[in-house]
Amino acid sequence: MGLKVGITGGIGSGKSYVARIFKALGVPFYDADTEAKKLMNTDGQIRSALIKQFGEAVYLEDGQLNRAYLSSVVFTDEKRLQALNAIVHPVVIQHGTDWAEAQSYPYSLKEAALLFESGSYKSLDYTILVTAPLEMRIKRVVKRDAVSREQVLDRINKQMPDEKKSEIADFVIVNDENVPLLPQVLTLHQQFLRERIA
Ligand code: ADP
């Protein structure tokens, strides 16, 4: 089993963009947010806990998660959002750990928006935080998601601030379209490879 490395960053930091570079280098890659969405449809433990917490309406007739319903329930209710996370996160963390332990490459990379908030960083050997200036993050997300500046700021303000994340992270990648990005990625890549091979 290789090292387990996590990558995160606030919305618009470019964490997926940076993760794609590692993936292109051949690093086994796990996208926790995508896997979480899948597991909410397929995992029996999540299904029964969600029905217990939110009622039968949380799944559609065809058995798929009723995302619109669930979003509307948790959107304005912090307690219910926490209940949702408490159901989904442990299952996804275990799934990600099992996945990482099955990889034979010197290290694997897991991307998660809530790597620190969910506590999933504790199951990893190293964490990388991707950062970018606030204005740049806003512009990127406005363009990517066709949402308003206010909507982006609202989401940013709900996330753990970068200052706090950088205290927990082992490494920071600056993705400000000024500091060259590739050398930062390659330096870490070499370091993880060396550490595992040494
Ligand atoms: P996150 O996953 O952190 O929310 P993304 O990786 O989706 O952010 O990046 C947000 C947007 O900014 C995407 O459209 C992405 O292609 C673009 N982007 C991110 N980093 C860069 C970069 N270094 N150069 C050019 N575009 C970038």
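Mentor: Let's pin down a term before anything else: a residue is buried when its relative accessible area is under 20%, exposed when over 50%, and partly exposed in between (1.4 Å probe, protein chains only). You're looking at a predicted model, where local features need pLDDT of at least 70, side-chain atom pairs count only at pLDDT 80 or more, and totals for chains, interfaces and linings use all residues. Residues are numbered from 1 along each chain as its sequence is written, and side-chain values use heavy atoms, with hydrogens and water left out.

Trainee: Let me try that out: is Q184 buried or exposed?

Mentor: Start with where Q184 belongs, which is helix α9. Helices (H or I, at least four residues) and strands (E, at least two) are DSSP runs, numbered from the N terminus. With a relative accessible area of 18%, Q184 is therefore buried.

Trainee: And how many Å separate the C-alpha atoms of Q184 and F171?

Mentor: Along the chain, Q184 and F171 are 13 residues apart. Their C-alpha atoms are separated by 10.0 Å.

Trainee: On to the ligand. Which residues are the closest?

Mentor: A residue is near the molecule if one of its heavy atoms lies within 4 Å of it. There are 13 residues around the ligand. The closest of them are G12, S16, Y17, R144 and N175.

Trainee: How many of the shell residues are polar?

Mentor: The classes work like this: Ala, Val, Leu, Ile, Met, Phe, Trp, Tyr, Cys and Pro are nonpolar, Asp, Glu, Lys and Arg are charged, and the others, Gly among them, are polar. Three shell residues are nonpolar and four are charged. The polar ones number six.

Trainee: Which element gives the largest share of the shell?

Mentor: Two helices, α1 (15–24) and α6 (134–145), each supply at least two shell residues. The largest share is three residues, and it comes from α1.

Trainee: What percentage of the ligand's exposed area does the protein bury?

Mentor: Look at the polar contacts (pairs of N or O atoms within 3.5 Å; within protein, one must be able to donate a hydrogen and the other to accept it, and residues adjacent in sequence count only if both atoms are side-chain atoms). Ligand oxygen atoms are 3.4 Å from a backbone N or O atom of G10 and 2.9 Å from a polar backbone atom of G12, while a ligand nitrogen atom is 2.7 Å from a side-chain N or O atom of N175. Taken alone the ligand exposes 560 Å², by the Shrake-Rupley method with a 1.4 Å probe (for residues, only the protein chains shown count as cover). Of that area, the protein buries 76%.

Trainee: Back to α1: how wide is the arc its buried residues cover?

Mentor: An α-helix has 3.6 residues a turn, so residues three or four places apart point the same way. In α1 the buried ones are K15, V18, A19, I21 and F22. They lie on the same side of α1 because the arc they cover around the axis, taken from the directions to the C-beta atoms, is only 150°.

Trainee: Then which exposed residues are on the face turned away from that buried side?

Mentor: Stay with α1, and note that G26, just after it, takes a positive phi of about 105°. The face of α1 turned away from the buried side carries the exposed residues Y17, R20 and A24.

Trainee: What is the angle between the planes of Y107 and F192?

Mentor: Rings of Phe, Tyr and Trp (its six-membered ring) pair if their centres lie within 6.5 Å, and planes under 30 degrees apart are stacked, over 60 edge-to-face, the rest tilted. That rule gives seven aromatic pairs. In one of them, Y107 in strand β3 (residues 107–111) meets F192 in helix α9 (residues 181–197), 85 residues away. It is a tilted pair, 5.0 Å centre to centre, with a plane angle of 55°.

Trainee: One for the loops: what phi does A146 have?

Mentor: Most residues other than glycine have a negative phi, and most peptide bonds are trans. A146 is in the loop between α6 and α7 (149–158), and is exposed at 69% relative accessible area. Although not a glycine, A146 has a positive phi of about 50°.
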